[in-house]
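Colleague: Could we take a close look at one part of this model together? I would like to understand how its strands are put together.

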Amino acid sequence: MTSFVKAAGLAGIFAVVLTTVSPELKADQLNNAVREGHAVTTELGASASDITNWVSDTEGWHVVTTVDVVIGRDGDAERHAVVRFSSVLLPGQSQFISVPLAIGERQQVLRIRRLGDQIEVARVGGSA
């Protein structure tokens, strides 16, 4: 029960953070560093983007990334596939998230890593 209450509390914090962040903050700003309690948006291609934020906890740093993939953009049949990733990162650990693309297109990979007292979010090259 305690774990559930803690998880629900963290989810509430993330929801508040997502609704109060500045949409102007991009991953390329601030040397890719994301401050605790702030969100950063990264474009993962023409049809995908993500929002990443984190909070510290006794277990480690809880990082939540929400990816939005748009299908049929600007049309009457526009749809969104939204996925949320959650992880706990200890110092030196990384998380990689990739978005599927058409055959032959260059894979977009999002690397989230804990470096010292900060979280770094960067788009890194993937395979073609």
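In which sense do β2 and strand β3 (residues 48-57) pair, and over how many bridges?

Modeller: Happy to walk you through it! This is a predicted model, so local features need pLDDT of at least 70 and side-chain atom pairs count only at pLDDT 80 or more, while totals for chains, interfaces and linings use all residues. Residues are numbered from 1 along each chain as its sequence is written, and side-chain values use heavy atoms, leaving out hydrogens and water.

Now to your pair: β2 and β3 run antiparallel, joined over 5 bridges. Strands here are DSSP runs of E with at least two residues, numbered from the N terminus, and two of them pair if DSSP finds at least two bridges between them. To see one bridge up close, find G45, whose partner in β3 is A48.

Next, step back to the sheet around this pair. It is an open sheet of 4 strands in the order β2-β3-β4-β5, with antiparallel pairing. β2 (40-45) and β5 (79-89) are the edge strands, each pairing on one side only. From one strand to the next, the twist averages 20° (axes are lines fitted to C-alpha atoms, and angles between N-to-C directions run from 0 to 180 degrees).

For another antiparallel example, try β7 (residues 108-115) and β8 (residues 118-125): 8 bridges join β7 to β8. Here R111 stands opposite A122 in β8. These two strands form a hairpin with 2 residues between them, and G116 in the turn has a positive phi of about 60°. β8 also pairs with β1 (residues 33-34), antiparallel over 2 bridges, and there V34 has I119 as its bridge partner in β8.
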